[in-house]
Amino acid sequence: MVELIDGKQLAKQLNEETATRVAALKKRGITPGIAVILVGDDPASAIYTRNKHRKAEKLGMKSVLKTFPADASQEEVMACVQELNNDPSIHAILVQSPLPKHFDEKALDNAIIPEKDVDGFHPYNVGRLYNDDPDKRYPVSCTPRGVLKMLDHYNVDLDGKDVVVMGRSILVGKPMQSLLQNRNATVTMLSAYTKDEEFYMRHADILIVAIGHPQFVKAQDVKEGAVVIDVGINRLEDGSLCGDVDFENVKEKASLITPVPGGVGPMTIASLMAQTVDLAEWSEE
């Protein structure tokens, strides 16, 4: 019998822990602060940033939203990043993706100082993750962080497990690979260039999918009893949401599976909030 991974409940628990940590910091005169930079009028981005802003305020944090029109210049937004870097009341900074095409997104991410890089995109933080730095006081990408917490909560043993990660983005796939390898998993990463991807999918003990293709993974692609983590979220023509996995059919073969919505999504925002508090705590050490 398949067990559903309840991302909403896990996120609720994590947010409660975060609120307790925020309250403890406030007693010491420290209010964790997060700043989100939004450029342009992408509807999905507007929703994401609004949700982050509301959640941060609900948890007792300082939340700042910096908005720019789509025709803003790289220099204007870069100046905003530098201003936030120098603001001692802000502990976490992120630039909401996607940006208008004329922006150099990597340059903006790299301009955020590592100590405030809540998305874990700065090369310094990526390097520490890749090298499994024993000093764990560095941020990692929030979605993989949330996925790992899910696996731990459901007592999924990673030692020696064959894990297949579909999608090699800096946001999910690459940091997910490092986190899993650091936990002794054997990780195979698939991309659009992978030949015979079905072979790798069918042999995975744990399958993590983040490719942006609705219901791409079918039941025949999944090993009996596999753990399936669906990071994708897609809107169908009828307005409903679905993941990158054919949930209704795949759940008949999986032992654990995330629904969409209600799986990875809530844990991503909860992890972002928790990591903001991490950065505030580390800044005082």
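The following questions and answers concern a predicted model and treat one of its sheets, its core and one helix. Residues are numbered from 1 along each chain as its sequence is written, and local features need pLDDT of at least 70, side-chain atom pairs count only at pLDDT 80 or more, and totals for chains, interfaces and linings use all residues. Side-chain values use heavy atoms, with hydrogens and water left out.

Me: Which strands stand at the edges of the open sheet of 6 strands?
Reply: The order in this open sheet is S1-S11-S8-S7-S5-S6, with parallel pairing, where strands are DSSP runs of E with at least two residues, numbered from the N terminus, and two of them pair if DSSP finds at least two bridges between them. Because each has a single partner strand, one side is left without a neighbour in the sheet for both S1 (3–4) and S6 (186–190).

Me: Which residue of S8 is the bridge partner of Leu207?
Reply: Strand S7 (residues 206–209) has Ile206 and Ile208 pointing one way and Leu207 and Val209 the other, and all are buried, that is, under 20% relative accessible area with a 1.4 Å probe and protein chains only. S7 is joined by 4 bridges to S5 (residues 162–166), running parallel, and Ile208 is the bridge partner of Val165. Another 4 bridges join S7 to the parallel strand S8 (residues 227–230), and there the partner of Leu207 is Val228.

Me: With which residue of S7 that is among those touching the most other core members is Ile229 in contact?
Reply: The largest nonpolar core, a set of buried Ala, Val, Leu, Ile, Met, Phe, Trp, Tyr and Cys residues joined through side-chain atoms within 4.5 Å, has 32 residues, and those touching the most other members include Val147, Leu151, Ile208 and Ile229. Leaving aside neighbours within four places in sequence, the contacts of Ile229 (heavy atoms within 4.5 Å) include Val147, Leu151 and, from S7, Ile208.

Me: Over what arc around the axis do the buried residues of H2 lie?
Reply: Helix H2 (residues 43–58), a DSSP run of H or I with at least four residues, has Ser45, Thr49, Lys52 and Ala56 as its buried residues. Measuring by the directions from the helix axis to the C-beta atoms, these residues are on the same side of H2, because they cover an arc of only 60°.

Me: Which exposed residues does the opposite face of H2 carry?
Reply: The buried residues of H2 pack against S2 (33–39), S3 (62–68), S4 (92–95) and H10. The face turned away from them carries the exposed residues (over 50% relative accessible area) Pro43, Arg54 and Lys58.
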